[in-house]
Amino acid sequence: MKNFKIIYLILFLIITSCSSSDDLDENNAKDITGVWNLSDYSSQIFWDEVGEYIKRTGDNIDYTIEFKENPKVINLTGEINYLEEELIIGEIINSSGIINGELGEGHHTQEWEIVNGNLITKSSFFISGTLTEWDEVTEIIELTSNSMTLRIDHVGSQQRGETILKYTR
């Protein structure tokens, strides 16, 4: 009889502990739905092996992202104007650029879902005149009713860095 109690206790613990990640993802999906205004943008990527980097800072931001629920798609409007500092072959180059949501550019585009507390989307940018896309996994650092902070980790075999996007409603 004592063995049955232990088995039931273990079974109860397993069943009740399995749903927490799914519940969190479902709650985050409800909280993220709607229109968000980008308030702060920064990005830095370092290539230590060759001693080069790119740093971007939002300058004039008029960019919104809308997470729609059914279907789970993203609408973008506006632009992120940024200042850029690059270190290439020992020379610092300052320039500026634009991420144009109206053209479908952004760190988060197309369809979205939340898996294990991370936002899963596509990134889309014009590179050498061609719209280039890749899967993007983004950590949700903060998500409240009025603010959201997202972090993209740029870690690869030859690079490190991050992009931080802060949104408000």
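Is aspartate 153 buried, exposed or partly exposed? Aspartate 153 is partly exposed, with a relative accessible area of 42%.

## Overview

This is a predicted model. Six salt bridges are present in the structure. The sections below take up three pairs and one network.

## The pair between strands 6 and 7

Aspartate 135 and lysine 122 form a salt bridge. Their closest N and O atoms are 2.6 Å apart. Aspartate 135 sits in strand 7 (residues 130-143), and lysine 122 sits in strand 6 (residues 118-127), so the salt bridge ties together parts 13 residues apart in sequence.

The two partners fall into separate accessibility classes. Aspartate 135 has 57% relative accessibility and counts as exposed, because the cut-off for that class is over 50%. Lysine 122 is partly exposed, at a relative accessible area of 27%.

## The pair between strands 7 and 8

Glutamate 139 meets arginine 151 in a salt bridge, at 3.6 Å from N to O. This pair links distant parts of the chain. Glutamate 139 belongs to strand 7 and arginine 151 to strand 8 (residues 147-153), twelve residues apart. Glutamate 139 is partly exposed, with 36% relative accessibility.

## The network around arginine 151

Arginine 151 also forms a salt bridge with aspartate 153. Here the N to O distance is 3.5 Å. Arginine 151 thus has both glutamate 139 and aspartate 153 as salt-bridge partners.

These residues are part of a wider set. A network of salt bridges links Glu139, Arg151, Asp153 and Glu162. Two of its acidic members, glutamate 139 and aspartate 153, are partly exposed.

Note on methods. Residues are numbered from 1 along each chain as its sequence is written. This is a predicted model: local features need pLDDT of at least 70, side-chain atom pairs count only at pLDDT 80 or more; totals for chains, interfaces and linings use all residues. Side-chain values use heavy atoms; hydrogens and water are left out. A salt bridge is a side-chain nitrogen of Lys or Arg within 4 Å of a carboxyl oxygen of Asp or Glu. Helices (H or I, at least four residues) and strands (E, at least two) are DSSP runs, numbered from the N terminus. Buried means under 20% relative accessible area, exposed over 50%, partly exposed in between (1.4 Å probe, protein chains only).
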